[in-house]
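Grab a pencil and work through these exercises with the structure open beside you. Try each task before you read its solution.

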Number of protein chains: 2
Amino acid sequence: MLELAVLGLLNESPLHGYELRQRLKATLGTFRAFSYGSLYPSLRRMKVSGWITEDDGDATVVAGAPPLTGRRGKVVYKLTAEGKERLADLLAEAGPSAWEDETFGVHFAFFGQTDPEVRVRILEGRRSRLEERREGVVTSLDRTRSRLDRYTLQLQEHGLESVEREVRWLTELIETERRSAVPPAVPAPVPTTPTERGAP
Amino acid sequence: MLELAVLGLLNESPLHGYELRQRLKATLGTFRAFSYGSLYPSLRRMKVSGWITEDDGDATVVAGAPPLTGRRGKVVYKLTAEGKERLADLLAEAGPSAWEDETFGVHFAFFGQTDPEVRVRILEGRRSRLEERREGVVTSLDRTRSRLDRYTLQLQEHGLESVEREVRWLTELIETERRSAVPPAVPAPVPTTPTERGAP
DNA sequence: GCGCGATGTATCGCACCGATACATCGCGGC
DNA sequence: GCCGCGATGTATCGGTGCGATACATCGCGC
(Lines give C-alpha, C1' and ligand atoms only; values in the text may rest on other atoms or scores of the structure.)
Protein backbone atom coordinates (compact mmCIF):
# COMPACT_ATOMS: atom_id res chain seq x y z
CA MET A 1 0.00 0.00 0.00
CA LEU A 2 2.66 2.42 0.99
CA GLU A 3 4.21 1.64 -2.34
CA LEU A 4 1.36 3.16 -4.30
CA ALA A 5 1.07 6.09 -1.94
CA VAL A 6 4.75 6.91 -2.16
CA LEU A 7 4.97 6.49 -5.93
CA GLY A 8 1.89 8.65 -6.34
CA LEU A 9 3.33 11.45 -4.22
CA LEU A 10 6.77 11.28 -5.77
CA ASN A 11 5.20 11.50 -9.18
CA GLU A 12 3.99 14.97 -8.31
CA SER A 13 7.41 16.09 -7.09
CA PRO A 14 10.58 14.70 -5.52
CA LEU A 15 10.52 14.73 -1.74
CA HIS A 16 12.59 13.68 1.22
CA GLY A 17 11.40 11.35 3.93
CA TYR A 18 10.11 13.88 6.39
CA GLU A 19 8.16 15.82 3.79
CA LEU A 20 6.84 12.58 2.36
CA ARG A 21 5.50 11.66 5.72
CA GLN A 22 3.83 15.05 6.15
CA ARG A 23 2.13 14.64 2.82
CA LEU A 24 1.02 11.13 3.66
CA LYS A 25 -0.54 12.39 6.86
CA ALA A 26 -2.20 15.29 5.10
CA THR A 27 -3.57 13.21 2.25
CA LEU A 28 -4.41 9.91 3.89
CA GLY A 29 -4.16 10.71 7.57
CA THR A 30 -7.88 10.40 8.11
CA PHE A 31 -7.86 6.67 7.68
CA ARG A 32 -4.22 5.61 7.75
CA ALA A 33 -1.16 6.40 9.85
CA PHE A 34 1.93 5.40 7.88
CA SER A 35 4.70 5.88 10.38
CA TYR A 36 8.41 5.99 9.66
CA GLY A 37 8.63 2.42 10.81
CA SER A 38 6.99 1.38 7.57
CA LEU A 39 7.99 4.31 5.38
CA TYR A 40 11.74 3.82 5.44
CA PRO A 41 11.74 0.07 4.88
CA SER A 42 9.32 0.62 2.03
CA LEU A 43 11.57 3.26 0.49
CA ARG A 44 14.49 0.87 0.77
CA ARG A 45 12.57 -1.88 -0.99
CA MET A 46 11.54 0.48 -3.74
CA LYS A 47 15.08 1.65 -4.22
CA VAL A 48 16.28 -1.93 -4.54
CA SER A 49 13.54 -2.59 -7.06
CA GLY A 50 14.66 0.43 -9.00
CA TRP A 51 11.44 2.46 -8.79
CA ILE A 52 13.13 5.36 -7.02
CA THR A 53 16.57 6.83 -6.50
CA GLU A 54 17.84 8.78 -3.55
CA ASP A 55 19.51 12.00 -4.47
CA ASP A 56 21.74 13.51 -1.88
CA GLY A 57 20.01 16.85 -1.60
CA ASP A 58 22.85 18.90 -0.21
CA ALA A 59 25.64 17.58 2.02
CA THR A 60 27.87 17.35 -1.05
CA VAL A 61 30.49 15.72 1.11
CA VAL A 62 33.98 16.24 -0.16
CA ALA A 63 35.55 12.83 -0.30
CA GLY A 64 38.38 12.85 2.14
CA ALA A 65 38.60 15.02 5.21
CA PRO A 66 35.07 14.74 6.66
CA PRO A 67 34.07 18.41 6.90
CA LEU A 68 32.31 18.21 10.22
CA THR A 69 30.84 15.39 12.18
CA GLY A 70 29.34 12.87 9.80
CA ARG A 71 27.08 15.63 8.46
CA ARG A 72 23.94 13.93 7.36
CA GLY A 73 22.28 15.63 4.43
CA LYS A 74 18.67 15.47 3.33
CA VAL A 75 17.95 12.50 1.17
CA VAL A 76 15.66 13.43 -1.69
CA TYR A 77 13.72 10.59 -3.26
CA LYS A 78 12.66 10.78 -6.86
CA LEU A 79 10.88 8.54 -9.35
CA THR A 80 12.74 6.68 -12.07
CA ALA A 81 11.27 5.80 -15.43
CA GLU A 82 10.64 2.26 -14.17
CA GLY A 83 8.97 3.79 -11.15
CA LYS A 84 6.57 5.69 -13.37
CA GLU A 85 5.78 2.49 -15.19
CA ARG A 86 5.20 0.70 -11.92
CA LEU A 87 2.91 3.50 -10.78
CA ALA A 88 0.96 3.32 -14.01
CA ASP A 89 0.49 -0.42 -13.48
CA LEU A 90 -0.72 0.07 -9.95
CA LEU A 91 -3.11 2.82 -10.99
CA ALA A 92 -4.50 0.62 -13.74
CA GLU A 93 -5.44 -2.18 -11.36
CA ALA A 94 -9.18 -2.47 -11.03
CA GLY A 95 -9.50 -5.63 -8.93
CA PRO A 96 -10.12 -6.35 -5.26
CA SER A 97 -6.64 -5.09 -4.53
CA ALA A 98 -8.00 -1.65 -5.34
CA TRP A 99 -11.24 -1.68 -3.40
CA GLU A 100 -10.60 -3.48 -0.15
CA ASP A 101 -10.77 -1.47 3.05
CA GLU A 102 -7.08 -0.82 3.44
CA THR A 103 -6.41 -0.02 -0.19
CA PHE A 104 -9.40 1.83 -1.53
CA GLY A 105 -8.60 5.14 0.12
CA VAL A 106 -5.13 5.26 -1.37
CA HIS A 107 -6.35 4.41 -4.83
CA PHE A 108 -9.08 7.00 -4.55
CA ALA A 109 -6.61 9.67 -3.46
CA PHE A 110 -4.82 9.25 -6.77
CA PHE A 111 -7.88 9.13 -8.96
CA GLY A 112 -6.67 12.34 -10.53
CA GLN A 113 -3.91 10.29 -12.18
CA THR A 114 -6.19 7.35 -12.95
CA ASP A 115 -7.98 6.41 -16.13
CA PRO A 116 -11.69 7.38 -15.98
CA GLU A 117 -12.88 3.88 -16.82
CA VAL A 118 -10.75 2.36 -14.11
CA ARG A 119 -12.13 4.93 -11.68
CA VAL A 120 -15.67 3.81 -12.31
CA ARG A 121 -14.79 0.15 -12.05
CA ILE A 122 -13.06 0.65 -8.72
CA LEU A 123 -15.94 2.69 -7.35
CA GLU A 124 -18.38 0.00 -8.40
CA GLY A 125 -16.21 -2.75 -7.01
CA ARG A 126 -15.98 -0.95 -3.73
CA ARG A 127 -19.70 -0.46 -3.66
CA SER A 128 -20.57 -4.09 -4.23
CA ARG A 129 -17.99 -5.06 -1.64
CA LEU A 130 -19.80 -2.85 0.86
CA GLU A 131 -23.22 -4.04 -0.17
CA GLU A 132 -22.07 -7.58 0.44
CA ARG A 133 -20.92 -6.64 3.87
CA ARG A 134 -24.14 -4.80 4.55
CA GLU A 135 -26.06 -7.90 3.56
CA GLY A 136 -24.01 -9.98 5.97
CA VAL A 137 -24.48 -7.63 8.86
CA VAL A 138 -28.22 -7.32 8.31
CA THR A 139 -28.69 -11.07 8.17
CA SER A 140 -26.63 -11.76 11.23
CA LEU A 141 -28.43 -8.93 12.99
CA ASP A 142 -31.85 -10.33 12.15
CA ARG A 143 -30.86 -13.72 13.45
CA THR A 144 -29.44 -12.51 16.73
CA ARG A 145 -31.02 -9.16 17.51
CA SER A 146 -33.09 -10.45 20.40
CA ARG A 147 -30.14 -12.16 22.09
CA LEU A 148 -27.86 -9.18 21.70
CA ASP A 149 -26.52 -6.98 24.42
CA ARG A 150 -27.71 -3.38 24.26
CA TYR A 151 -24.25 -2.00 23.49
CA THR A 152 -23.28 -4.66 21.02
CA LEU A 153 -26.46 -3.91 19.17
CA GLN A 154 -25.75 -0.22 19.17
CA LEU A 155 -22.29 -0.90 17.78
CA GLN A 156 -23.65 -3.10 15.01
CA GLU A 157 -26.21 -0.52 14.03
CA HIS A 158 -23.72 2.28 13.99
CA GLY A 159 -21.46 0.16 11.81
CA LEU A 160 -24.36 -0.65 9.54
CA GLU A 161 -25.21 3.01 9.09
CA SER A 162 -21.59 3.78 8.31
CA VAL A 163 -21.62 1.23 5.55
CA GLU A 164 -24.89 2.51 4.16
CA ARG A 165 -23.58 6.04 4.22
CA GLU A 166 -20.49 5.07 2.27
CA VAL A 167 -22.63 3.24 -0.27
CA ARG A 168 -24.65 6.40 -0.88
CA TRP A 169 -21.45 8.40 -1.21
CA LEU A 170 -20.11 5.95 -3.77
CA THR A 171 -23.33 5.97 -5.73
CA GLU A 172 -23.14 9.72 -6.01
CA LEU A 173 -19.53 9.57 -7.12
CA ILE A 174 -20.32 6.95 -9.73
CA GLU A 175 -23.08 9.06 -11.16
CA THR A 176 -20.86 12.08 -11.33
CA GLU A 177 -18.24 10.02 -13.12
CA ARG A 178 -20.75 8.75 -15.64
CA ARG A 179 -22.13 12.17 -16.34
CA SER A 180 -18.74 13.67 -16.98
CA ALA A 181 -17.62 10.71 -19.06
CA VAL A 182 -17.61 11.22 -22.78
CA PRO A 183 -20.38 9.03 -24.19
CA PRO A 184 -18.66 5.97 -25.73
CA ALA A 185 -18.16 7.13 -29.29
CA VAL A 186 -19.36 5.11 -32.25
CA PRO A 187 -18.20 1.50 -31.70
CA ALA A 188 -20.81 0.12 -29.34
CA PRO A 189 -24.10 2.00 -29.20
CA VAL A 190 -25.68 -0.56 -26.83
CA PRO A 191 -28.92 1.21 -26.02
CA THR A 192 -30.26 1.07 -22.52
CA THR A 193 -32.30 -2.00 -23.37
CA PRO A 194 -30.37 -4.99 -22.13
CA THR A 195 -31.73 -7.20 -24.89
CA GLU A 196 -29.90 -10.48 -25.14
CA ARG A 197 -27.52 -9.82 -27.95
CA GLY A 198 -25.34 -12.41 -29.52
CA ALA A 199 -26.49 -15.06 -27.09
CA PRO A 200 -26.62 -18.39 -28.90
CA MET B 1 -6.68 -5.86 22.01
CA LEU B 2 -7.47 -9.43 21.23
CA GLU B 3 -6.80 -10.06 24.87
CA LEU B 4 -9.74 -7.97 26.02
CA ALA B 5 -11.98 -9.31 23.30
CA VAL B 6 -11.18 -12.92 24.13
CA LEU B 7 -11.47 -12.46 27.88
CA GLY B 8 -14.77 -10.68 27.41
CA LEU B 9 -16.21 -13.43 25.29
CA LEU B 10 -14.92 -16.24 27.49
CA ASN B 11 -16.44 -14.51 30.47
CA GLU B 12 -19.84 -15.11 28.94
CA SER B 13 -19.16 -18.80 28.30
CA PRO B 14 -16.28 -21.16 27.56
CA LEU B 15 -15.59 -21.60 23.87
CA HIS B 16 -13.21 -23.31 21.52
CA GLY B 17 -11.11 -21.52 18.94
CA TYR B 18 -13.39 -21.82 16.00
CA GLU B 19 -16.44 -20.64 17.89
CA LEU B 20 -14.42 -17.86 19.44
CA ARG B 21 -13.52 -16.64 16.01
CA GLN B 22 -17.12 -16.74 14.84
CA ARG B 23 -18.14 -14.66 17.82
CA LEU B 24 -15.35 -12.21 17.21
CA LYS B 25 -16.48 -11.77 13.65
CA ALA B 26 -20.10 -11.38 14.65
CA THR B 27 -19.40 -8.90 17.41
CA LEU B 28 -16.51 -6.87 16.07
CA GLY B 29 -16.38 -7.91 12.43
CA THR B 30 -17.59 -4.54 11.21
CA PHE B 31 -14.37 -2.83 12.10
CA ARG B 32 -11.87 -5.57 12.88
CA ALA B 33 -10.81 -8.86 11.32
CA PHE B 34 -9.07 -10.92 14.00
CA SER B 35 -7.81 -13.91 12.07
CA TYR B 36 -6.49 -17.15 13.50
CA GLY B 37 -3.01 -15.89 12.85
CA SER B 38 -3.41 -13.60 15.83
CA LEU B 39 -6.03 -15.51 17.78
CA TYR B 40 -3.99 -18.62 18.52
CA PRO B 41 -0.79 -16.85 19.50
CA SER B 42 -2.86 -14.63 21.76
CA LEU B 43 -4.54 -17.64 23.36
CA ARG B 44 -1.13 -19.17 23.97
CA ARG B 45 0.14 -16.03 25.64
CA MET B 46 -2.93 -15.85 27.83
CA LYS B 47 -2.56 -19.45 28.83
CA VAL B 48 1.05 -18.86 29.83
CA SER B 49 -0.04 -15.82 31.83
CA GLY B 50 -2.62 -17.95 33.55
CA TRP B 51 -5.74 -16.05 32.45
CA ILE B 52 -7.23 -19.06 30.71
CA THR B 53 -7.00 -22.83 30.69
CA GLU B 54 -7.59 -25.18 27.83
CA ASP B 55 -9.92 -28.01 28.59
CA ASP B 56 -9.82 -30.97 26.29
CA GLY B 57 -13.42 -30.98 25.21
CA ASP B 58 -13.81 -34.56 24.03
CA ALA B 59 -11.10 -36.64 22.37
CA THR B 60 -10.56 -38.45 25.65
CA VAL B 61 -7.79 -40.35 23.97
CA VAL B 62 -7.23 -43.75 25.47
CA ALA B 63 -3.55 -43.86 26.24
CA GLY B 64 -2.04 -46.64 24.25
CA ALA B 65 -3.23 -47.85 20.91
CA PRO B 66 -3.94 -44.56 19.15
CA PRO B 67 -7.57 -45.11 18.13
CA LEU B 68 -7.18 -43.50 14.75
CA THR B 69 -4.66 -41.10 13.44
CA GLY B 70 -3.69 -38.64 16.17
CA ARG B 71 -7.36 -37.75 16.65
CA ARG B 72 -7.37 -34.12 17.52
CA GLY B 73 -10.15 -33.09 19.88
CA LYS B 74 -11.76 -29.74 20.38
CA VAL B 75 -9.91 -27.51 22.75
CA VAL B 76 -12.25 -25.57 24.98
CA TYR B 77 -10.89 -22.39 26.49
CA LYS B 78 -12.18 -21.07 29.77
CA LEU B 79 -11.46 -18.21 32.11
CA THR B 80 -9.57 -18.68 35.36
CA ALA B 81 -10.10 -16.57 38.47
CA GLU B 82 -6.99 -14.57 37.55
CA GLY B 83 -8.42 -14.16 34.09
CA LYS B 84 -11.54 -12.61 35.54
CA GLU B 85 -9.43 -10.25 37.54
CA ARG B 86 -7.44 -9.33 34.48
CA LEU B 87 -10.65 -8.71 32.58
CA ALA B 88 -11.95 -6.50 35.35
CA ASP B 89 -8.74 -4.47 35.20
CA LEU B 90 -8.98 -4.05 31.47
CA LEU B 91 -12.61 -3.05 31.68
CA ALA B 92 -11.80 -0.48 34.36
CA GLU B 93 -9.26 1.29 32.19
CA ALA B 94 -10.50 4.70 31.16
CA GLY B 95 -7.45 6.15 29.45
CA PRO B 96 -6.34 6.59 25.85
CA SER B 97 -5.83 2.84 25.66
CA ALA B 98 -9.61 2.60 25.77
CA TRP B 99 -10.57 5.25 23.26
CA GLU B 100 -8.08 5.11 20.44
CA ASP B 101 -9.29 3.97 17.03
CA GLU B 102 -8.22 0.36 17.30
CA THR B 103 -9.37 -0.17 20.86
CA PHE B 104 -12.54 1.82 21.36
CA GLY B 105 -14.80 -0.57 19.51
CA VAL B 106 -13.73 -3.52 21.61
CA HIS B 107 -14.18 -1.65 24.84
CA PHE B 108 -17.57 -0.43 23.73
CA ALA B 109 -18.67 -3.93 22.81
CA PHE B 110 -18.20 -4.94 26.43
CA PHE B 111 -19.80 -1.91 27.99
CA GLY B 112 -22.45 -4.24 29.35
CA GLN B 113 -19.80 -5.56 31.73
CA THR B 114 -18.31 -2.13 32.40
CA ASP B 115 -18.85 0.27 35.26
CA PRO B 116 -21.24 3.09 34.27
CA GLU B 117 -18.82 5.82 35.30
CA VAL B 118 -16.05 4.29 33.25
CA ARG B 119 -18.41 4.06 30.32
CA VAL B 120 -19.05 7.78 30.36
CA ARG B 121 -15.39 8.62 30.74
CA ILE B 122 -14.45 6.45 27.79
CA LEU B 123 -17.18 7.93 25.63
CA GLU B 124 -16.04 11.43 26.50
CA GLY B 125 -12.41 10.57 25.91
CA ARG B 126 -13.27 9.16 22.55
CA ARG B 127 -15.27 12.24 21.69
CA SER B 128 -12.51 14.71 22.52
CA ARG B 129 -10.08 12.55 20.62
CA LEU B 130 -12.30 12.84 17.57
CA GLU B 131 -12.89 16.55 18.05
CA GLU B 132 -9.15 17.04 18.11
CA ARG B 133 -8.83 15.18 14.88
CA ARG B 134 -11.68 17.14 13.36
CA GLU B 135 -9.94 20.34 14.31
CA GLY B 136 -6.75 19.15 12.63
CA VAL B 137 -8.49 18.17 9.43
CA VAL B 138 -10.44 21.42 9.21
CA THR B 139 -7.34 23.53 9.71
CA SER B 140 -5.27 21.63 7.21
CA LEU B 141 -8.18 21.76 4.80
CA ASP B 142 -8.55 25.52 5.11
CA ARG B 143 -4.86 26.00 4.45
CA THR B 144 -4.71 23.79 1.39
CA ARG B 145 -8.17 23.61 -0.09
CA SER B 146 -7.33 25.65 -3.16
CA ARG B 147 -4.26 23.60 -4.01
CA LEU B 148 -6.02 20.30 -3.54
CA ASP B 149 -6.86 17.79 -6.18
CA ARG B 150 -10.60 17.25 -6.70
CA TYR B 151 -10.53 13.66 -5.43
CA THR B 152 -8.24 14.29 -2.52
CA LEU B 153 -10.60 17.01 -1.45
CA GLN B 154 -13.58 14.71 -1.75
CA LEU B 155 -11.80 12.13 0.37
CA GLN B 156 -10.97 14.66 3.05
CA GLU B 157 -14.50 15.89 3.20
CA HIS B 158 -15.95 12.43 3.40
CA GLY B 159 -13.53 11.65 6.22
CA LEU B 160 -14.48 14.86 7.96
CA GLU B 161 -18.16 14.03 7.78
CA SER B 162 -17.48 10.57 9.15
CA VAL B 163 -15.77 12.07 12.15
CA GLU B 164 -18.55 14.55 12.71
CA ARG B 165 -21.10 11.80 12.47
CA GLU B 166 -19.33 9.75 15.09
CA VAL B 167 -19.11 12.76 17.37
CA ARG B 168 -22.87 13.21 17.17
CA TRP B 169 -23.35 9.51 17.89
CA LEU B 170 -21.13 9.73 20.94
CA THR B 171 -22.90 12.81 22.22
CA GLU B 172 -26.18 10.98 22.04
CA LEU B 173 -24.75 7.99 23.86
CA ILE B 174 -23.28 10.17 26.57
CA GLU B 175 -26.58 11.85 27.14
CA THR B 176 -28.36 8.54 27.38
CA GLU B 177 -25.78 7.36 29.88
CA ARG B 178 -26.21 10.45 32.00
CA ARG B 179 -29.97 10.23 31.97
CA SER B 180 -30.01 6.61 33.03
CA ALA B 181 -27.32 7.14 35.63
CA VAL B 182 -28.56 7.19 39.17
CA PRO B 183 -27.81 10.60 40.65
CA PRO B 184 -24.82 10.15 42.97
CA ALA B 185 -26.60 8.80 46.02
CA VAL B 186 -24.99 7.99 49.33
CA PRO B 187 -21.42 6.56 48.90
CA ALA B 188 -23.06 3.58 47.24
CA PRO B 189 -22.76 0.03 48.60
CA VAL B 190 -21.32 -1.34 45.34
CA PRO B 191 -23.16 -4.57 44.61
CA THR B 192 -20.17 -6.83 44.12
CA THR B 193 -22.35 -9.65 42.86
CA PRO B 194 -22.21 -9.44 39.08
CA THR B 195 -25.93 -9.98 38.67
CA GLU B 196 -26.62 -9.54 34.97
CA ARG B 197 -28.93 -6.56 34.98
CA GLY B 198 -29.90 -4.30 32.14
CA ALA B 199 -30.26 -0.64 32.87
CA PRO B 200 -33.78 0.19 34.07
C1' DG C 1 -19.25 -44.51 -1.68
C1' DC C 2 -17.91 -40.12 -2.97
C1' DG C 3 -17.37 -35.23 -3.00
C1' DC C 4 -17.79 -31.01 -0.78
C1' DG C 5 -18.59 -27.58 2.43
C1' DA C 6 -18.67 -26.67 7.38
C1' DT C 7 -16.09 -27.37 11.53
C1' DG C 8 -11.76 -27.36 13.74
C1' DT C 9 -6.54 -26.42 15.07
C1' DA C 10 -2.48 -24.36 13.76
C1' DT C 11 1.64 -21.80 11.43
C1' DC C 12 4.25 -18.62 8.29
C1' DG C 13 5.58 -14.35 6.15
C1' DC C 14 4.61 -9.78 5.83
C1' DA C 15 2.91 -4.91 6.53
C1' DC C 16 2.38 -1.62 9.57
C1' DC C 17 2.25 0.94 14.05
C1' DG C 18 4.12 3.40 18.08
C1' DA C 19 7.93 4.43 20.58
C1' DT C 20 12.26 5.72 20.55
C1' DA C 21 17.06 7.40 19.46
C1' DC C 22 19.79 10.76 17.77
C1' DA C 23 21.41 14.83 15.03
C1' DT C 24 20.79 19.55 13.12
C1' DC C 25 18.52 23.98 12.30
C1' DG C 26 16.63 28.40 13.50
C1' DC C 27 14.50 31.43 16.51
C1' DG C 28 13.36 34.04 20.70
C1' DG C 29 14.63 35.29 25.34
C1' DC C 30 17.81 36.92 28.49
C1' DG D 1 26.55 35.99 22.90
C1' DC D 2 24.65 31.76 23.94
C1' DC D 3 21.07 28.65 25.62
C1' DG D 4 17.05 26.07 25.20
C1' DC D 5 13.44 24.22 22.64
C1' DG D 6 10.57 22.98 19.02
C1' DA D 7 10.63 21.90 14.18
C1' DT D 8 13.08 19.32 10.78
C1' DG D 9 15.30 15.17 9.56
C1' DT D 10 16.90 9.98 9.26
C1' DA D 11 16.52 5.62 11.14
C1' DT D 12 15.52 1.13 13.93
C1' DC D 13 13.06 -2.13 17.08
C1' DG D 14 9.48 -4.94 19.11
C1' DG D 15 5.01 -6.17 18.82
C1' DT D 16 0.34 -6.87 16.81
C1' DG D 17 -2.47 -8.41 13.62
C1' DC D 18 -3.69 -9.98 8.73
C1' DG D 19 -4.18 -13.17 4.79
C1' DA D 20 -2.99 -17.37 2.98
C1' DT D 21 -2.34 -21.78 3.74
C1' DA D 22 -2.06 -26.67 5.54
C1' DC D 23 -4.26 -30.40 7.27
C1' DA D 24 -7.81 -33.31 9.56
C1' DT D 25 -12.70 -34.65 10.60
C1' DC D 26 -17.66 -34.53 10.23
C1' DG D 27 -22.11 -34.69 8.09
C1' DC D 28 -24.87 -34.26 4.19
C1' DG D 29 -26.71 -35.06 -0.41
C1' DC D 30 -26.69 -37.61 -4.42
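**Exercise 1. Find how helix α1 (residues 2–12) of chain A sits against α2(A), and which residues make the contact.**

Step 1. Start with the axes, meaning lines fitted to C-alpha atoms, for helices over the stretch in contact, with angles that run from 0 to 180 degrees between N-to-C directions. Those of α1(A) and α2(A) come within 11 Å and cross at roughly 105 degrees.

Step 2. Put a word to that angle. Under 35 degrees counts as roughly parallel, over 145 as roughly antiparallel, 65 to 115 as roughly perpendicular and the rest as oblique. So α1(A) and α2(A) are roughly perpendicular to each other.

Step 3. Pick out the contact, where two residues touch if their C-beta atoms, placed from the backbone, lie within 7 Å. From α1(A) come A:A5, A:V6 and A:L9, and from α2(A) come A:L20, A:R23, A:L24 and A:L28.

Step 4. Sort them by class: Ala, Val, Leu, Ile, Met, Phe, Trp, Tyr, Cys and Pro are nonpolar, Asp, Glu, Lys and Arg are charged, and the others, Gly among them, are polar. The contact of α1(A) with α2(A) has six nonpolar, no polar and one charged.

A word on the model: it is predicted, so local features need pLDDT of at least 70 and side-chain atom pairs count only at pLDDT 80 or more, while totals for chains, interfaces and linings use all residues. Residues are numbered from 1 along each chain as its sequence is written, and chains are lettered from A and ligands numbered from 1 in the order in which they are written.

**Exercise 2. Lay out the helices and strands of chain A.**

Step 1. Count the elements, which are DSSP runs numbered from the N terminus: helices (H or I, at least four residues) and strands (E, at least two). Chain A has eight helices and three strands.

Step 2. Now read along the sequence: the pattern is α-β-α-α-β-β-α-α-α-α-α.

Step 3. Check the burial. A residue is buried if 20 or more other C-beta atoms lie within 10 Å of its own, exposed if 12 or fewer, and partly exposed in between, with C-beta atoms placed from the backbone. Buried residues are 22% of the 200 in chain A.

**Exercise 3. What is the sign of phi at A:F34 and B:F34?**

Step 1. Recall the usual case: most residues other than glycine have a negative phi.

Step 2. Look at A:F34, in the loop between α2 and α3 of chain A. Its phi is near 60 degrees, a positive value. A:F34 is buried, with 21 other C-beta atoms within 10 Å.

Step 3. Turn to B:F34, in the loop between α2 and α3 of chain B. Phi here is near 55 degrees, again positive, and B:F34 counts as buried with 21 C-beta neighbours inside 10 Å.

**Exercise 4. Work out how chains A and B are related and what joins them.**

Step 1. Superpose the copies by least squares on the C-alpha atoms of residues with pLDDT of at least 70 in both. A rotation of 180 degrees with 0.0 Å of shift along its axis puts chain A on chain B (RMSD 0.0 Å). The two copies are thus related as by a two-fold rotation axis.

Step 2. Find the residue of chain A that comes closest to that axis: A:S162, at 4.0 Å (C-alpha).

Step 3. Go to the contact, which takes 20 residues from chain A and 21 residues from chain B. On the chain A side, α8(A) gives the most, with eight residues. By class, this side has nine nonpolar, nine polar and two charged residues.

Step 4. Compare the two sides: 100% of the interface residues of chain A are also interface residues in chain B, so the copies meet through the same surface.

**Exercise 5. Which residues come nearest to each DNA strand?**

Step 1. Take strand C, counting a residue as near if its C-beta atom, placed from the backbone, lies within 6 Å. Of the 21 residues around DNA strand C, A:M1, A:A33, A:G37, B:G17 and B:G37 come nearest. The largest share of this surface, four residues, comes from α3(A).

Step 2. Repeat for strand D. It has 23 residues around it, the closest being A:G17, A:G37, B:M1, B:A33 and B:G37. Here α3(B) gives the most, with four residues.

Step 3. Class the residues. Near DNA strand C there are nine nonpolar, eight polar and four charged, and near DNA strand D 10 nonpolar, eight polar and five charged.
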